[in-house]
Amino acid sequence: MAEPAGKKLKSSLPLCKAHRSSAGSRARQNLQAAVEEALCGVSSLLWDGAYRLQALAVVFERDDLALPRVAAFFHQEALKQQDEAEAMLGYLAERGGNYCGRDIQKPDCEAVGAVLPALELLLLQLKEEVGVLVELSQLAREHGDPHTASVVKSHFLAPRVDRTKLLGDLLTSARRVGCSDNQAGGFGEYILNELQDELTG
């Protein structure tokens, strides 16, 4: 059944509610207000993701879990996410846009205490970000901004495709060696921590 005319599909783009437009900026270059607001919102989403990954890394550094390579993997993912958030802010500034930061919420990963749910949470986060970045790219094209669409696709979307594949492989390995969902853990977590090359790459 076709969508009724005039009805828009719900967007999952995180928009900045209190966005201050930079319409008077001298550096502004063909940056539509909707694209600027979406870039601001997506930047905040990337910062939230980096904070969540950092919190997951700390979980695996606790003395009752002690999985240092898993912790290092999440630290590395958090640094990648921070670099991407900073790159998006840099791009927004280059185009003459404003970033109006919002409060970063407490990460919703306190209950995670095992490798398998942590990897599943990261996979879910990456898939959400991929969807949002695809929408951002489409929004930029619709507003006559092919440069933003191209930058989003090449610098933010393409790396996430590779990371999603790597994460899928890690999840398969975790299930095969016997990692469980419970916090008690077991030999599977130890094997994954010791033998999985991707955790140190």
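The chain contains five helices and zero strands, where helices are DSSP runs of H or I with at least four residues and strands are runs of E with at least two, numbered from the N terminus. Read along the sequence, the elements follow the pattern α-α-α-α-α. The model is a predicted one, in which local features need pLDDT of at least 70 and side-chain atom pairs count only at pLDDT 80 or more, while totals for chains, interfaces and linings use all residues. Residues are numbered from 1 along each chain as its sequence is written, and side-chain values use heavy atoms, with hydrogens and water left out.

Of the 201 residues in the chain, 43% are buried, a term that denotes under 20% relative accessible area with a 1.4 Å probe, protein chains only. The largest nonpolar core, that is, a set of buried Ala, Val, Leu, Ile, Met, Phe, Trp, Tyr and Cys residues joined through side-chain atoms within 4.5 Å, has 27 residues, and those with the most contacts inside it include Leu56, Phe60, Phe73 and Leu119. At least two residues of this core are supplied by each of helix 1 (33-59), helix 2 (68-94), helix 3 (115-142) and helix 4 (146-176), and the largest share, eight residues, comes from helix 3. Apart from this core lies another, of 25 residues, among them Val35, Ala85, Met88 and Leu157.

When neighbours within four places in sequence are left aside, Phe60 is in contact (heavy atoms within 4.5 Å) with residues including Leu65, Val70, Phe74, Val115 and Ala118. Across the chain, 79% of the contacts with a separation of 6 or more are between residues 24 or more positions apart.

Conventions. Buried < 20%, exposed > 50% of the residue type's maximum accessible area, 1.4 Å probe, protein only.
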